[in-house]
Amino acid sequence: MANNDSTTSNGMTTPEGNQVTQKITRKKLLFLFFWIAEEDKAKNVFSESAHTRMKNIKRTNWFDESIHKIHCPPVHKFSEFQSITDYWVNQYGGKSQVSVKEIGIFSHAAPDGPIIYNDSINHPDRVPYLRRDGTYSYTQLNLNGWSKLNFYWHSSNPRITFFGCNTAHATKSFALEISKRPNFKNVEVGGQQKSSFPSFYPDIRSTSFLRNADKTWFEGHTYMVSTDADKGAQATLLWVNATPMKFYKNGSYLYEKTQNFFNPGNIPRLRR
């Protein structure tokens, strides 16, 4: 991550021999955690998970509010990924003054990527799905559409993480395919190997009866973690180990890790 100093000094000597100190302002680093805000029972999961990611960054020892700018914008359409990114880049002085260090997308998803059910306009950059009634749904952006996005990536180790279900599935990995796109060159791309579920903790799936009833989201942390789909009772009564997320860069496998590695050392853990 960036040095915590927001400015630095550069000494120069004039022809007359006088020393001049020039202040150099460091580029700001932008973090955007998008969550899908349509009317859906998982809406609170998406929102709270995005805000947990933001809070955890602010608890790290490298966070500097003068450099690191973090926002959790709600999203209703795929086009807003670009328009919202443009907005915040312009708010901080344009691409010469700010670049994007990390993006997270908290949504429903599948091996073809994030899903926005309300954004169902049929156009060439959508993935068509055949409904049971014989009509087609266009609720996902295809790889061509993702390839048109400009996220103004930072030059040093930027990352995008897809927290929705099966985005790094073993048989078809959306995260792997995204990492091959020219506009994601040198970007670390992560996704889930299995279905995603809410949890109080980043490395296990642990929930409560109240959260199962869509209540008490504002109490405690919320993470979208991956496990097998039939572990709901065990996750409520005890806990289940989370399946690590899978990460790629430039079409190559990097590693598998749980979300613990995102977080500072003082994030609460479940006592086992």
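Strand 3 (28–36) and strand 4 (68–71) run parallel and are joined by four bridges; strands here are DSSP runs of E with at least two residues, helices are runs of H or I with at least four residues, and both are numbered from the N terminus. Two strands count as paired if DSSP finds at least two bridges between them. The model is a predicted one, in which local features need pLDDT of at least 70 and side-chain atom pairs count only at pLDDT 80 or more, while totals for chains, interfaces and linings use all residues. Residues are numbered from 1 along each chain as its sequence is written, and side-chain values use heavy atoms, with hydrogens and water left out.

Back to that first pair: Leu29 sits opposite His68 in strand 4. Getting from strand 3 to strand 4, the chain passes through helix 1, and this β-α-β crossover is right-handed (clockwise from the first strand over the helix to the second, with the strands pointing away from the viewer). Within strand 4, His68 and Ile70 point one way and Lys69 and His71 the other, yet all are buried, that is, under 20% relative accessible area with a 1.4 Å probe and protein chains only, with exposed being over 50% and partly exposed in between. In a regular strand the side chains alternate between the two faces of the sheet.

A second crossover turns up further along. Strand 11 (159–162) pairs with strand 12 (188–191) in the parallel sense over three bridges, with Gly190 as the bridge partner of Thr161. Here the chain goes from strand 11 through helix 4 to strand 12, and this β-α-β crossover is right-handed. Glu188 and Gly190 point one way from strand 12, Val189 and Gly191 the other way, and all are buried. Strand 12 also pairs with strand 17, in the antiparallel sense and over three bridges; Gly191 has Lys246 as its bridge partner there.

As for the chain overall, there are six helices and 18 strands, and buried residues make up 49% of the 272 residues. The largest nonpolar core has 54 residues, and Phe33, Ile103, Trp146 and Ile160 have the most contacts inside it. Such a core is a set of buried Ala, Val, Leu, Ile, Met, Phe, Trp, Tyr and Cys residues joined through side-chain atoms within 4.5 Å. Strand 3 provides the largest share, eight residues. Ile103, leaving aside neighbours within four places in sequence, is in contact (heavy atoms within 4.5 Å) with residues including Phe33, Trp153 and Ile160.

Next come the open and closed spaces, both found on a 1 Å grid over the protein atoms alone: a pocket is an open set of points with protein on both sides within 12 Å along at least five of seven lines, a cavity is a set where a 1.4 Å probe fits but cannot get out, and lining residues have an atom within 4 Å of a point. Grid points are joined across faces, edges and corners, and a volume is the space filled by probe spheres set on the points. The largest pocket holds about 460 Å³ and is lined by 20 residues, with Lys41, Ala42, Val45, Phe197 and Pro198 nearest its centre. Strand 13 gives the largest share of that lining, three residues. There are two cavities of 30 Å³ or more, and the largest has about 60 Å³ of space. Helix 1 gives the most to the lining of this largest cavity, with four residues.
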